[in-house]
Amino acid sequence: MKKLNRDMHYLQLLSTSFPTIASAATEIINLEAILNLPKGTEHFLADLHGESQAFKHVLKNASGNIRRKVSELFKGDIREAERRELCTLIYYPEEKLELIKAAEEDIDDWYHITIHRLVAVCRDVSSKYSRSKVRKSLPEEFAYIIEELLHERTDDINKAAYVSVIVDTIISTGRADDFIVALCNVIQRLAIDQLHILGDIYDRGPGAHIIMDTLRQYHSWDIQWGNHDMLWMGAAAGNNACICNVLRLSLRYANLTTLEEGYGINLVPLATFAMDVYGDDPCEEFMPRLLKGNQLDEKTLRLTAQMHKAISVIQFKKEAQIFHRRPEWQMEDRCLLEHIDYQRGVCTIDGKEYPMTSCHFPTIDPKYPNELTGEEYQLMEKLHHSFRVCEKLQKHIKMLLSHGCMYSIFNQNLLFHASCPLNADGSLKQVELYNGEHYSGHELMHNIGMLVRAAFESDTEKELRLFARDYFLYLWCGKDSPLFDKSKMATFERYFLKDKDTYKEDKGYYFQLRDNEEVCDRILDAFGVRGPNRHIINGHVPVHAGAGENPIKANGRLMVIDGGFSEAYHKETGIAGYTLVYHSRGFQLVQHEPFMSAHDAIQRGIDIKSTTQLVELSAHRMLVADTDKGEELRSQITDLRELLYAYRHGILKEKNKI
């Protein structure tokens with residue numbers, strides 16, 4: 001007699017979902033069929049840095065995937081201008097409809113033509129999914145109608161009148177606009193099966209909170225935390241050094257939108273303190289970097305610089321307190337306020353004196369340089385409270401925790417934001433975490449993730465929770481942090497020292513060796529990623545495409561997709577970001593030029609100009625069977641077959657039988 005591999009208790013639980021032979025067999029048929037559908041499209045983005053408009057547009061156009069499908073469907077049938085208008089309608093249906101209705105003379109005729117075209121696009125993007133999955137993606141009020149139109153065609157003589165009447169009735173009942181909007185949203189939804197974000201949603205740009213709100217509504221996404229995300233997570237957890245860094249970076253780019261409008265952080269106490277203490281200080285080193293369209297009058301510019309300096313000085317104090325509290329991090333050399341000769345205006349680093357750009361520190365006692373004044377202490381209490389009680393910020397951080405981790409493996413692709421710490425010979429580096437425990441590779445990443453979560457869990461033992469809260473700062477700027485991996489973060493030097501040689505931040509061995517295929521294979525082996533077409537996919541370090549740097553490294557083993565979404569990087573990189581699309585035929589790397597605005601896209605049909613590079617094509621069209629999901633489905637099929645065996649041999653009795 002055949003031996004059942006599964007525990008009977010498990011089969012009994014499974015039988016509650018599939019109580020009869022018929023239901024179990026039907027599910028097997030369904031799963032076997034799904035295995036033979038084309039692989040769903042994965043969309044990879046990195047380093048969004050608050051650029052919410054560009055992010056939302058790339059999400060809407062699926063990195064040009066929708067435009068490509070429209071071109072393939074209608075090339076030779078309709079003009080390029082009409083194809084462009086159709087794409088814009090799909091991206092921004094409500095806004096585009098208003099413009100079209102104001103200009104179109106025969107709107108009913110336009111409705112007829114457009115609905116049929118949209119149905120054709122929707123049919124194409126839905127073709128790789130089961131009917132069940134498509135049905136779940138449809139808005140309830142139009143689900144039946146859309147499903148009928150997707151599966152019936154006007155070229156079927158028997159159904160031509162049927163389809164035509166459906167469209168006529170949608171228009172005659174005044175539902176055309178709502179139907180078009182619903183259909184466009186379905187196309188956007190089905191164009192991408194899974195969204196991967198390789199870190200750094202926060203800082204620099206004005207709309208990190210908008211990106212988080214957008215993701216809250218998105219059907220399926222994951223994130224591998226970046227160093228800037230970790231900074232905001234640390235701030236939300238109550239790490240005062242992280243709070244200072246968050247404020248400093250926002251003031252550096254004169255970008256307070258996310259703080260004030262997004263999260264309602266009260267900056268009045270900081271402004272009042274800065275005007276009182278630094279009112280006579282020119283604060284030249286702290287003048288903000290103004291990005292396009294962000295113009296400030298002289299008074300606001302000066303106040304921003306004063307606030308910038310005020311929070312930076314507090315930051316250096318708070319960081320030093322943590323570095324002294326955690327000597328095992330070996331970062332006490334970064335307590336540079338202790339190495340300033342305040343009379344002579346020089347700072348001593350590694351035994352060498354460096355002249356300072358200025359030495360005006362009214363809140364520093366040279367005998368106790370890391371101690372906050374009473375006013376600074378009160379200010380930090382207020383800022384700490386604002387971050388801790390902000391409901392929206394805490395909700396967004398919970399989203400990062402529930403959808404994120406330090407690394408992920410999807411379909412033979414290893415995803416992490418920045419680095420995997422290495423030794424000089426390319427071997428995995430052992431890094432100390434808590435209580436002297438050392439880890440490397442995937443164990444390091446996993447345990448860091450557990451430590452991050454421990455900072456937010458109320459039942460975490462007190463000492464561990466305090467360490468976890470401090471550790472956010474190490475993840476931000478620690479030498480062996482997988483999110484930083486440099487010799488130092490030269491923030492102090494860039495503000496206060498004249499010698500630019502002190503600004504140098506030596507990159508870790510991962511960044512020096514990542515173009516070595518053997519090293520990449522060693523990392524992939526350590527993380528258990530198998531197969532001939534495996535890859536590492538990173539963000540973090542902008543690719544200088546303008547200078548000829550290739551984002552494809554290590555003979556195709558590694559792909560770096562930080563092309564500089566943030567406007568702050570555009571001059572440096574020469575482009576405005578990379579995105580990666582992985583569909584059933586292989587990988588496509590999409591290089592984007594700067595996004596002008598949603599207004600230009602709607603009014604003039606201007607899409608992001610993108611260049612697509614084929615990275616790797618599959619020898620055959622990949623199916624669900626070739627993916628992680630396929631492996632999961634095969635396991636489910638095995639279980640169901642054993643359930644069938646149990647039913648047919650009387651080991652289990654069918655239920656609900658008359």
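Tutor: Before we start, two strands count as paired if DSSP finds at least two bridges between them. Keep in mind, too, that this is a predicted model.

Student: OK, so in S2, which residue is the bridge partner of Leu 45?

Tutor: Start with the strands: S1 covers residues 42–45, and it pairs with S2 in the parallel sense over four bridges. Leu 45 sits in that S1 range, so we look across to S2, given that two bridges are enough for a pair. The partner there is Ile 197.

Student: And in S3, what is the bridge partner of His 196?

Tutor: S2 also pairs with S3 (residues 221–224), again in the parallel sense, this time over three bridges. Opposite His 196 in S3 you'll find Asp 222.

Student: Which helix joins S2 and S3 in the β-α-β unit?

Tutor: The unit is right-handed and is made of S2, a helix and S3. The helix spans residues 208–217, and its name is H12.

Student: Are the residues on both faces of S2 buried or exposed?

Tutor: In a regular strand, side chains alternate between the two faces of the sheet. In S2, Gln 194 and His 196 are on one side, with Leu 195 and Ile 197 on the other. Buried here means under 20% relative accessible area. Both faces of S2 are covered, and all four of these residues are buried.

Student: Let's move to the five-stranded open sheet. Which strands stand at the edges?

Tutor: The order is S8-S9-S12-S14-S13, with mixed pairing. The edge strands each have a single partner, so one side of each is left without a neighbour in the sheet. Those two are S8 (407–410) and S13 (552–553).

Student: Which residue in S12 is the bridge partner of Asn 413?

Tutor: S9 (residues 413–416) and S12 (residues 535–538) pair in the parallel sense over three bridges. For Asn 413, the partner in S12 is His 535.

Student: At about what angle does H24 run to S12?

Tutor: H24 takes in residues 517–526 and lies across S9, S12 and S14 (558–560). Its angle to S12 is about 95°.

Student: Last one: which helix gives the most to the lining of the largest cavity?

Tutor: The whole structure has two cavities of 30 Å³ or more, and the largest has a volume of about 170 Å³. Of its 15 lining residues, the closest to the centre are Phe 316, Glu 319, Phe 323, Arg 334 and Met 489. H17 (298–325) and H22 (491–496) each supply at least two lining residues. The top contributor, with five residues, is H17.

Terms used
Residues are numbered from 1 along each chain as its sequence is written. This is a predicted model: local features need pLDDT of at least 70, side-chain atom pairs count only at pLDDT 80 or more; totals for chains, interfaces and linings use all residues. Side-chain values use heavy atoms; hydrogens and water are left out. Contact means heavy atoms within 4.5 Å. Axes are lines fitted to C-alpha atoms, for helices over the stretch in contact, and angles run from 0 to 180 degrees between N-to-C directions. Buried means under 20% relative accessible area, exposed over 50%, partly exposed in between (1.4 Å probe, protein chains only). A crossover is right-handed if, with the strands pointing away from the viewer, the path from the first strand over the helix to the second runs clockwise. On a 1 Å grid over the protein atoms alone, a cavity is a set of points where a 1.4 Å probe fits but cannot get out, and a pocket is an open set with protein on both sides within 12 Å along at least five of seven lines; lining residues have an atom within 4 Å of a point. Grid points are joined across faces, edges and corners, and a volume is the space filled by probe spheres set on the points.
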